[in-house]
Amino acid sequence: MSITLFWDGLLEASDYLKGDEVMFGGLRPWGMHAGNILTLVAYPYLLFEQMEKMGKKPRFKYYITLNDWEPARLAFPKGKEFEHNVYPVDTSFEYTLDVEGCHKSIVDHVEGPTREKFKIIRKDFPGVDLAFVRNSELKENPLFMKMIGITIKDSKRIAEIIRDSTGRPVLTDEAQYAGAVCPSCKSSQGKTLFENGVVSYECSACGNASSGKLGSFDYWCYHIPLFAARVPSLKIAFAIRGLDHYETKRIHAGRDILNYYFPDTGFPRNLIAPMLIAGDGQKMSKTRGNALDMDTISIIKACRGNKSENIKVESV
Ligand SMILES: [Zn+2]
Ligand SMILES: [Zn+2]
């Protein structure tokens, strides 16, 4: 698997890429914090800039997936040590209501401001074709849905792969990595089975029991198999990803799950973006409450030519 890191990795990628590949970035649809901007906007921007310097024209298809099938909130019933034994607290992003009340779902609420953050790419690299795709829009894609089915059915095997690839303990018998969303109450708290091409779902929240073909339900899915499922569905050749995905070997798990689903599909090349460090020296994140709203140009400037794995940006 090809993985290159930080600024030197970006230079290598600018060398091996032709400029017309399908590239990818994914987002949990809570909105774009400064760390997301670094990985999904600033690093691609600098890559395109570098390629132009080399006389290459960036004409990538750049998919940004809004991962509305990820659980909006994760429960760790076995404790944080079993970080891969996780379940949705309530439901997927797709059915999480907009707390502000101005849109139907949280995903609808963040999509507009998220798109705004990519305007600088549209303006300076008009040859790049940006496409925002929700997981729920891939429901029509047979490869994507096939892999959702495998993820429901073979949860124990997926758990073993995640355990072996990441080196982390996983309770394989209890693992569940995808499930239906209740057609009635929209909860993901239920039991989903997929056997002989039929999905059956029993809702623990409202008691509804239903069954049907794979395409007759919406789903939640854990992010590692969900990433693997997008690779052949979108024909991804290159991905820019956050450092945490590399350090926790989630990228390796994604590769090994893809290989289990589709042994003939190649795994994309990965460029790992550096980490944005807040004034308190910690990783910036929404959960830590230190994710300052920084402007994209300051982040681009702080990253340009910076070989460090930690990027500090003066707040604006
Ligand atoms: Zn809203
Ligand atoms: Zn229900």
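Helices here are DSSP runs of H or I with at least four residues, numbered from the N terminus, and I257 sits in one of them, helix α9. The model is a predicted one, so please read each point below as a description of that prediction. Welcome to a short tour of its core, three of its helices and a handful of individual residues.

**The nonpolar cores**

- The largest nonpolar core has 82 residues, and those touching the most other members are L38, A42, Y43, Y219, C221 and A228.
- Helix α2, which covers residues 34-53, is the biggest contributor to this core, giving twelve residues.
- A second core of six residues is separate, and its members include L66, F93, I106 and V110.
- As background, nonpolar side chains in soluble globular proteins tend to be buried together.
- Y219 is worth a look: beyond residues up to four places away in sequence, Y219 touches W69, I148, A178, G179, A180 and V181.

**Where α2 meets α10**

- Packed helix pairs are described by the angle and the distance between their axes.
- For α2 and helix α10 (residues 296-303), the axes come within 9 Å and cross at roughly 65°.
- The crossing of α2 past α10 is right-handed.
- On the α2 side the meeting residues are A34, I37, L38, V41, A42, Y43, Y45 and L46, while α10 supplies T296, I299, I300 and C303.
- By character, the residues of this contact comprise eleven nonpolar, one polar and no charged.
- L38, A42 and Y43 therefore turn up twice if you follow them through the model: they are among the core residues that touch the most other members, and they are part of the α2 contact with α10, where a residue is in contact with another if their C-beta atoms lie within 7 Å.

**Helix α7**

- Helix α7 runs over residues 223-234, and at 1.5 Å a residue its twelve residues should span 16 Å; the end C-alpha atoms are 16 Å apart, so expectation and model agree.
- How enclosed is α7 by the rest of the structure? It is largely enclosed, because ten of its twelve residues are buried.
- The buried residues of α7 are I224, P225, L226, F227, A228, A229, R230, V231, S233 and L234.
- Just after α7 comes K235, with a positive phi near 55°.

**Helix α5**

- Helix α5 (residues 142-153) also has twelve residues, which at 1.5 Å a residue should span 16 Å, and the 16 Å between its end C-alpha atoms agrees with that.
- Buried in α5 are F144, M147, I148, I150, T151 and I152.
- These buried residues pack against α6 (155-166), β7, β8, β11 (219-221), α7 and α9.
- In a helix with 3.6 residues a turn, residues three or four places apart point the same way.

**Two buried residues, I257 and A273**

- I257 in α9 is buried, because 29 other C-beta atoms lie within 10 Å and the cut-off is 20 or more.
- Leaving aside neighbours within four places in sequence, I257 contacts I158, I161, I224, P225 and A228.
- I257 and K213 are 44 residues apart along the chain, with 23 Å between their C-alpha atoms.
- A273 belongs to strand β13, residues 269-273, and counts as buried with 29 C-beta neighbours inside 10 Å.
- Apart from residues up to four places away in sequence, A273 touches L38, T39, Y43, I240, R241, G242 and L243.
- The C-alpha atoms of A273 and I311 are separated by 9.9 Å, with their positions 38 residues apart along the chain.

**E195 and two lysines with positive phi**

- E195 is in strand β8, residues 190-195; is this residue buried or exposed? E195 counts as exposed, with 10 C-beta neighbours inside 10 Å.
- From E195 to G242 the separation is 47 residues in sequence and 36 Å in space, C-alpha to C-alpha.
- Most residues other than glycine have a negative phi.
- K186 has a positive phi of about 70° although it is not a glycine; K186 lies in the loop between β7 (178-180) and β8.
- With 18 other C-beta atoms within 10 Å, K186 is partly exposed.
- K249 has a positive phi near 60° and is found in the loop between α8 (243-247) and α9 (250-261).
- K249 is partly exposed, with 16 other C-beta atoms within 10 Å.

Definitions and conventions:
Residues numbered from 1 in each chain as written. Chains lettered and ligands numbered in written order. Predicted model: local features only at pLDDT ≥ 70, side-chain atom pairs only at ≥ 80, totals over all residues. Expected span 1.5 Å × (residues − 1). Core = buried A, V, L, I, M, F, W, Y, C linked by C-beta atoms within 7 Å. Contact = placed C-beta atoms within 7 Å. Axes fitted to C-alpha atoms, helices over the stretch in contact; angles between N-to-C directions. Left-handed = near helix turned anticlockwise from the far one by under 90°. Nonpolar A, V, L, I, M, F, W, Y, C, P; charged D, E, K, R; others polar.
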